[in-house]
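Reader: Please walk me through this model, part by part. I will ask short questions and would like short answers.

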Amino acid sequence: MARYARVKGSIALITLTNPPVNALSAAVRRGIMESVSRALKDEQVKAVVFCGENEKFCGGADIKEFSGSMSGPPLVPLIHSIEAGEKPMVAAIEGVALGGGLELALGCHYRVANTKACLGLPEVTLGLLPAAGGTQRLPRLIGIPAALELITTGRHVSAQEALQLGIVDQVAQGSAVQAAMELALSVIGQPLNPRRLSLRAPVWAPDVDGVCDAALAQVKQRSRGAMAPVACVQAVRAAAMLPYSKGMERERQLMDTLFRSGQAQAMQYAFFAQRNAGKWSLPNGSQWNNTRARDVQRAGVIGLGTMGRGIAVSLVKAGISVVAIETDAKQLESGKKAVTAMLQRDAQRRGVSPPLHLLTFTLSFHQLRDVDLVIEAVFEDMNLKKRVFSDLCKVLRANSLICTNTSGLNVDELAAVTDRQPLVVGMHFFAPAHVMKLLEVVYGARSSPEAVATAMALGKRIEKVCVAVGNCSGFVGNRMLKLYLDQSVYMLEEGATPEQVDQALEEFGFAMGIFKVSDLSGLDVGWRVRKASGLIGPDVDPVKPSRWRLGRRYCPLPDMLCQQGRFGQKTGRGWYLYDSPGSKEAKSDPEIQTFLEDYRRKYGIIPRRITSQEVIERCAFALANEGFRILEDRIAASPEDIDVIYLFGYGWPRHRGGPMFYASQVGLSVVLEKLEHYHRIHPDVPSLEPSRLLRRLVAEGSPPIQQWKSHIKNLRSHL
Ligand SMILES: CC/C=C/CC(=O)SCCNC(=O)CCNC(=O)[C@H](O)C(C)(C)COP(=O)(O)OP(=O)(O)OC[C@H]1O[C@@H](n2cnc3c(N)ncnc32)[C@H](O)[C@@H]1OP(=O)(O)O
């Protein structure tokens, strides 16, 4: 797992060989240890160069090993033996040097990268810290402030930035291995102590304590309850305050705590869940590795509202030609201005020229005749979308795909009006579409595997995290969201305030509570959907609207807010008050408190104290319970897919893994018990009734989440 070769007469070249990213598995660590010892013993060898096979230096520790018992030589003494070696050691960094990979390079006496390399210490994104000396060596190389920034964010830096920061000694235009060998030959015989980072004092900075305090405050504010960023700051502070050996001790203690924490498990689960989502499968057995995607060179975007604009920007940024269509000249012009401005801003930030030549703005559907695929992003109205779909069939090539950006309408019903049902899929983007990472690719009953493969591949190309999901109202994300929203507003009826609910959710780790998010998205959106679905109609009493609709509990509070023109941020008033329409800072609104008190009085509800624990349990377990139903219904292929949707589309905190992972971590029997409890109290809320799948999994002994998929397969026949 590490290849040894003597090259240029006096250089030992040690190549890490563990595709795809040369992760530091036990076998690789053993291979490095044996190779280093051989190089140090061989009198012909005067210097050592480390590199990775396939032009990838090293992606860090093997994350898969973290869930089992660790074996093989530990990394810390291994890196120490490299640093202490009496022959110059040079890291030749190509591709990636991440985590333990970069720590290995920091143990070397010199580092050379090629221009395409990227470097970083992303352990914090896995709920860990760089515990192979990274928190102690990096500050000694680049100083406390820069090390704090890199270690607490896990940000990857380019070779050029690494050179500026002082992480690498040289950036090679061509092969980093060749350049490293030349450097190695040139430094033979030079003293090594000045190059041993563990012997250095950290680069001096004024008021180190103040810098660390500021970093701590910043990470606490940014990461809301995540332990790893805080531990990263503590470890770097130790590098500034303590001798190297004591700093290493502190690093190890902090790592031990993190490693055992549920947060690290959640974040490592999220890492693999994200990658597994790309390995989609359909109930008919078609999947990512047996279906070919079509190439998409030209795409159409219908509708240049907020969503269409973001979609057009994402496509063009990936080098795809876009024909953008509007039906109204004024709308077309304002869409064109907005898309152009977004592309210009992005290009300016990246120091390139905006790819405006890839864009055509037009009022004419005929310009779509050459496109490979169309994404419809018109208003969320079934009849309008059907009209667009049948119009498209008149102009498109017979083999062009038609995709809809609906956030929950029936994809089969839309496909049925076309002449190409197998070529219709949903591509559900999240607003703003050029920023949000998630894309739900929705397959209908007649969507062809090729159409799904094409939408998934296109999503990947425009740098989205894609999840293939089945067709049902709201698909996965919004179907679950509805129940989470329901619980939140029921709790307002029962005695909570929007502030209390939001605070509990934010302390749990959400960047924003549900009421702040609702204000941001616009309360009128849901109002319109409820009207269209028949929940609100002329028969509803305007003075005392019913709290019982379509056979279950209904909370009219959001409708009543909309009737007052409180649509959220856009009107300056929603669940919160804003300084002016469009401003973002949510302030408590005494009018809302009075409104809620009047409401409870009107319906004879005696308010009670609702704890943060109840908020989290009702919201999170309602989400997970619907997730189980979604798995029963085969709308999602795995609990991981559901979690990825919530992590990337709905702000679920990464250190909690996702709603399904959270349920597994809390314990399925606890979740079942709690749901039974809440359902007993609220029998008029069917969504709180524990799902059959949850009951069966508990009866099967609550298997770990990684095993649910096979249990679901077996259980499905009994359900
Ligand atoms: C005490 C010592 C402590 C050390 C701490 C650490 O080192 S923790 C690990 C730190 N490293 C990382 O966090 C890097 C994680 N990997 C990535 O960010 C990316 O994979 C990449 C290296 C930038 C490559 O990205 P790319 O998009 O090209 O590929 P994928 O992400 O799809 O990955 C390809 C497959 O490789 C698997 N993989 C990647 N990194 C690791 C790893 N460190 N350990 C184990 N496996 C890894 C990944 O899961 C993919 O596998 P598939 O089976 O193909 O899905």
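The exchange below covers domains, sheets, the ligand shell and some backbone details.

Reader: What kind of model is this, and how are residues numbered?
Author: This is a predicted model: local features need pLDDT of at least 70, side-chain atom pairs count only at pLDDT 80 or more, and totals for chains, interfaces and linings use all residues. Residues are numbered along each chain as its sequence is written, starting from 1.

Reader: Into which domains is the protein divided?
Author: The bounds come from an automatic or database domain assignment. The division gives domain 1 (2-260), domain 2 (298-474), domain 3 (496-602) and domain 4 (612-716).

Reader: What distance separates the centres of domain 1 and domain 4?
Author: The centres are taken over C-alpha atoms. For domain 1 and domain 4, the separation is 40 Å.

Reader: Which residues does the UniProt annotation "domain: 3-hydroxyacyl-CoA dehydrogenase NAD binding" cover?
Author: UniProt positions follow the numbering used here, feature names are shortened, and annotations may be inferred rather than shown by experiment. Helices (H or I, at least four residues) and strands (E, at least two) are DSSP runs, numbered from the N terminus. The chain in this stretch is 38% helix and 23% strand, with its end C-alpha atoms 23 Å apart. According to the unreviewed entry, the annotation covers residues 299-471.

Reader: And which residues carry the annotation "domain: 3-hydroxyacyl-CoA dehydrogenase C-terminal"?
Author: One stretch, 474-578, is 51% helix and 4% strand. Another, 615-702, is 67% helix and 0% strand. The unreviewed UniProt entry places the annotation on residues 474-578 and 615-702.

Reader: In what order do the eight strands of the open sheet run?
Author: Two strands pair if DSSP finds at least two bridges between them. Pairing in this sheet is mixed. The order is 12-11-10-13-14-15-16-17.

Reader: Which strands form the edges of that sheet?
Author: Each edge strand pairs on one side only. The edges are strand 12 (359-362) and strand 17 (465-470).

Reader: By what angle are neighbouring strands of this sheet turned on average?
Author: Axes are lines fitted to C-alpha atoms, for helices over the stretch in contact, and angles run from 0 to 180 degrees between N-to-C directions. For the average between neighbouring strands, direction is ignored. The turn is 25°.

Reader: Which helix packs on the sheet, touching strand 16 and strand 17?
Author: Contact requires C-beta atoms, placed from the backbone, within 7 Å. The direction of the packing helix makes about 130° with that of strand 17. Residues 639-649 form this element, helix 24.

Reader: Which residue of strand 13 stands opposite I302?
Author: Strand 10 (residues 298-302) and strand 13 (residues 373-376) pair in the parallel sense over four bridges. I302 faces E376.

Reader: Which helix lies across strand 5 and strand 7?
Author: Strand 5 and strand 7 (residues 118-120) run parallel, joined by three bridges. They belong to an open sheet of three strands with the order 5-7-8. The helix runs at about 90° to strand 5 and spans residues 100-107: helix 3.

Reader: Which residues are closest to the ligand?
Author: A residue counts as near if its C-beta atom, placed from the backbone, lies within 6 Å. By that test, 21 residues surround the ligand. The closest are G59, G60, A61, G99 and G100.

Reader: Where is the cis peptide bond with omega near 5°?
Author: Most peptide bonds are trans. P20 lies in the loop between strand 2 (11-16) and helix 1 (26-41). The cis bond runs from P19 to P20.

Reader: What is the omega of the cis bond joining A431 and P432?
Author: P432 sits in the loop between strand 15 (424-429) and strand 16. The omega there is about -10°.

Technical notes. Contact = placed C-beta atoms within 7 Å.
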